[in-house]
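Here is a short set of exercises to work through with the model open in your viewer. Try each task before you read its solution.

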Amino acid sequence: MTGKTGRQSYLLALAPGLFVLLWSTGFIGAKLGLPYAEPLSFLLIRFACVIGLLGLLALVLRRPWPHRPTQWLHIAVAGALLHGGYLSGVFLAIHTGMAAGVVALIVGIQPLLTAFLSASMVGERVSGRQWMGLVLGFGGVTLVVWDKLGFGGLSGAGFAFSTLALVSITLGTLYQKRYCAELDLWSGSVIQFVAAALVLLPFALAFETMRVAWSGQFIFALGWLIGGGAKLGKKPGWLIFVLSLGAISLLQLMIRRGAATRVSALFYLVPPTTALLAFLIFGEKLGLAAVAGMAIAAAGVAIALRPSPHPPSDGRG
């Protein structure tokens, strides 16, 4: 095993845990920042910062860019779904007053929906054991968010935005699996965030004031979502685990190397991890049902992540 191959294998082994942790912290950052900016405006500021950072890094590192127009188009479509549709749906649903637990429960259907669509879109077969794991995982998520379910804030708009997030993350995952195999994690992410920003900008201009109440907490929340650093060793410099870069890059890496249904099952671990982080950071309630749900969701994911006896095809017949 060469050094490069060993590093790649090590990264792939760590990717699921890092992805769940980074993706979960996004909800904490959103809770901190949304009181100071409208949802689409908040996302556009975040996208602009990430585009500037990633664009500069992609140029400095001389990352390859797509050669064919169709590659640009496919990467842009995946980005518009994964970033624009999913994030705007979640932020807007919460902004309308829908309880975060209800939003999490609706979006939590994503692994099941991915399993239903994976055969027709990417040629993946889902075994009976994997179906059992997915259903068990959803039951665990339901227990985790049970105490936070507040149907009093349920509205047509909130349900529509939650459904937008659900459909976007599902189709985005499957679309990227099928059409973006040659995606470079650096330059490809720039294209995806630009596409997401272009999709959201007209709606922000039309329906929001785009005013921001700049404060220390908002800047902290924005920094949380863009770049929290972890100093490594005695060498100078920072390894930046960026939610907008790190989590989505890990997702892209796992989609490229694994089955879409198995990758989607990891989303069942996001609500439990978010609930645990909220308990540690904000002192939010963490009841026995939530703890039991965490264990059940983890068991369901473990079952769903076991390799399928049927290798996935390329989905093109």
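## Exercise 1: Classify Met210

Met210 has a relative accessible area of 34%, so this residue counts as partly exposed. Keep in mind that the model is a predicted one.

Task: find where Met210 sits and what is notable about its phi.

Solution. Begin with the location: Met210 belongs to the loop between α8 and α9 (216–226). Next, look at the backbone: phi of Met210 is positive, about 60 degrees, although the residue is not a glycine.

Now repeat the steps for Arg62. This residue lies in the loop between α2 and α3. Its phi is near 55 degrees, again a positive value in a residue other than glycine. With a relative accessible area of 75%, above the 50% cut-off, Arg62 is exposed.

## Exercise 2: Check two helix lengths

Task: compare the expected and modelled spans of α3 and α7.

Solution. Take helix α3 (residues 69–95) to start. The expected span is 1.5 Å times one less than the number of residues, so the count of steps matters here. For the 27 residues of α3 this gives 39 Å, and the end C-alpha atoms are 37 Å apart, which agrees.

Then take α7. Its 24 residues should span 34 Å, and its end C-alpha atoms are 33 Å apart, which agrees. While you are there, list its buried residues: among them are Gly158, Ala165, Leu166, Ile169, Leu174 and Tyr175.

## Exercise 3: Locate the kinks

Task: on which residue is the kink centred in α3, and on which in α5?

Solution. Follow α3 along its axis and you reach a kink of about 30 degrees, centred on Ala80. Just after this helix, Gly97 takes a positive phi of about 105 degrees.

In helix α5 (residues 110–122), the kink is about 40 degrees and its centre is Phe116. The buried residues of α5 include Pro111, Leu112, Ala115 and Val122. Gly123 follows α5, with a positive phi near 70 degrees.

## Exercise 4: Trace a link across the sequence

Task: how many salt bridges does the model hold, and what does the Arg63–Asp184 pair tie together?

Solution. First, count: there is one salt bridge. Second, identify the partners: Arg63 pairs with Asp184, and their closest N and O atoms are 2.6 Å apart. Third, place them: Arg63 is in the loop between α2 and α3, whereas Asp184 is in the loop between α7 (156–179) and α8 (187–207), so the pair ties together parts that are 121 residues apart in sequence. Fourth, check accessibility: Arg63 is partly exposed at 31%, while Asp184 is buried at 11%.

Another pair worth selecting is Pro64 and Trp186: they are 122 residues apart along the chain, and their C-alpha atoms are separated by 8.6 Å. Pro64 lies in the loop between α2 and α3 and is partly exposed, at 46% relative accessibility.

## Exercise 5: Surface and cysteines

Task: which residues form the nonpolar patch, and how many disulfides are found?

Solution. Colour the surface by residue type and select Leu53, Leu56, Leu57, Val60 and Leu61, which form a nonpolar patch with about 420 Å² of accessible area together. Of these, Val60 is in helix α2 (residues 39–60) and is exposed at 58% relative accessibility.

Finally, a search of the whole structure returns zero disulfides. Cys49 is partly exposed, with a relative accessible area of 32%, and Cys180 is buried at 7%.

Terms used: Residues numbered from 1 in each chain as written. Predicted model: local features only at pLDDT ≥ 70, side-chain atom pairs only at ≥ 80, totals over all residues. Heavy atoms only, no water. Helix = DSSP H or I, 4+ residues; strand = E, 2+ residues; numbered from the N terminus. Bend = angle between axes of the 7 residues up to and from the residue. Patch = residues over 30% accessible without salt bridge, like charges linked within 9 Å, V, L, I, M, F, W, Y side chains within 5 Å. Areas by Shrake-Rupley, 256 points an atom, 1.4 Å probe, with all protein chains shown as cover. Salt bridge = Lys/Arg side-chain N within 4 Å of Asp/Glu carboxyl O. Buried < 20%, exposed > 50% of the residue type's maximum accessible area, 1.4 Å probe, protein only. Disulfide = S-S within 2.5 Å.
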